[in-house]
Every structure is written in structure tokens, then in C-alpha cells.
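Me: I've got a structure here and I'd like to check how its labels were earned. Could you take me through them one by one?

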Amino acid sequence: MAVPKRKTSKARRDKRRSAVWKLSAPALTRCSNCGEFKLAHRVCTNCGMYNGREVIKTEA
């Protein structure tokens with residue numbers, strides 16, 4: 001059975017673990033109607049448009 005020859009230091013252990021838990025920022029795209037940033041494949045919260053048609057009625 002494989003046994004480590006030396007104790008792994010806290011710095012080495014933490015360096016290895018640091019990249020695993022990083023969260024990536026959501027990919028934002030511009031709305032083709034109003035130009036506001038929105039999540040991809042979602043209805044625009046500003047104007048209510050999705051894929052070139054109005055899905056949610058918004059007040060003017």
C-alpha cells in the first residue's frame with residue numbers, strides 16, 4: 001500500500017484545493033431589443049422580449 005514519505009504542508013494542500021471551488025461568473029449577453037445585459041436563453045427582465053417576440057407585457 002502506498003504511504004506518503006513526507007507530510008504534505010498546509011500551503012501545498014491549500015494550493016491544490018484553491019482552484020477546485022472557484023465559481024465562474026454567469027455568461028451575460030446583450031438583449032437584441034433593448035441592449036440590456038441578460039442571461040442567455042432567458043427572457044429579458046427589462047423589456048420582456050425573448051427570441052424576437054414579446055413574452056411578458058411591460059408597462060411603458
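Me: Why is there no bond between the sulfur of Cys31 and the closest cysteine sulfur?

Reply: A quick caveat before that: this is a predicted model, where local features need pLDDT of at least 70, side-chain atom pairs count only at pLDDT 80 or more, and totals for chains, interfaces and linings use all residues. Residues are numbered from 1 along each chain as its sequence is written, and side-chain values use heavy atoms, with hydrogens and water left out. Now the cysteines: a disulfide is a pair of cysteine sulfur atoms within 2.5 Å. The closest cysteine sulfur to that of Cys31 sits in Cys47, 3.7 Å away, so the two are too far apart for a bond. A search of the whole structure turns up 0 disulfides.

Me: What makes Cys31 and Cys47 count as buried or exposed?

Reply: Relative accessible area decides: under 20% is buried, over 50% is exposed, and partly exposed is in between (1.4 Å probe, protein chains only). Cys31 has 6%, so it counts as buried. Cys47 has 12%, so it is buried too.

Me: How do you know that Asp14 forms a salt bridge with Arg13?

Reply: The rule asks for a side-chain nitrogen of Lys or Arg within 4 Å of a carboxyl oxygen of Asp or Glu. For Asp14 and Arg13, the closest N and O atoms are 3.0 Å apart, so the pair passes that rule. The count by this rule comes to 1 salt bridge. As for accessibility, Asp14 is partly exposed at 39%, and Arg13 is partly exposed at 30%.

Me: What is Arg30 in contact with, leaving aside its neighbours within four places in sequence?

Reply: Gly35, Glu36 and Phe37, where contact means heavy atoms within 4.5 Å. The backbone oxygen of Gly35 lies 2.5 Å from a polar atom of the Arg30 side chain. Arg30 is in strand 1 (residues 28-30); strands are DSSP runs of E, at least two residues, numbered from the N terminus. At 54% relative accessibility, Arg30 counts as exposed.

Me: Why is Phe37 called partly exposed?

Reply: Its relative accessibility is 48%, so Phe37 falls in the partly exposed class. Phe37 lies in strand 2 (residues 37-39). Together with Leu28 and Leu39, Phe37 forms a nonpolar patch on the surface, with about 290 Å² of accessible area (Shrake-Rupley method, 1.4 Å probe, only the protein chains shown counting as cover). Patch residues have over 30% relative accessible area and no salt bridge; nonpolar side chains (Val, Leu, Ile, Met, Phe, Trp, Tyr) are joined within 5 Å, like charges within 9 Å.

Me: What is the sign of phi in His41, and what is it in Asn51?

Reply: Most residues other than glycine have a negative phi. His41, not a glycine, has a positive phi of about 60°. Asn51 is also positive, with phi near 55°. His41 lies in the loop between strand 2 and strand 3 (49-50), whereas Asn51 lies in the loop between strand 3 and strand 4 (53-54). His41 is exposed at 67%, and Asn51 is exposed at 65%.

Me: How do you know whether Gly48 is buried or exposed?

Reply: Its relative accessibility is 1%, so Gly48 counts as buried. Gly48 is in the loop between strand 2 and strand 3. Not counting residues up to four places away in sequence, Gly48 touches Val43, Arg53, Glu54, Val55, Ile56 and Thr58. The C-alpha atoms of Gly48 and Thr58 are separated by 6.5 Å, with the two residues 10 apart along the chain.

Technical notes. Helix = DSSP H or I, 4+ residues; strand = E, 2+ residues; numbered from the N terminus. Polar contact = N/O pair within 3.5 Å; in protein donor to acceptor, adjacent residues only side chain to side chain.
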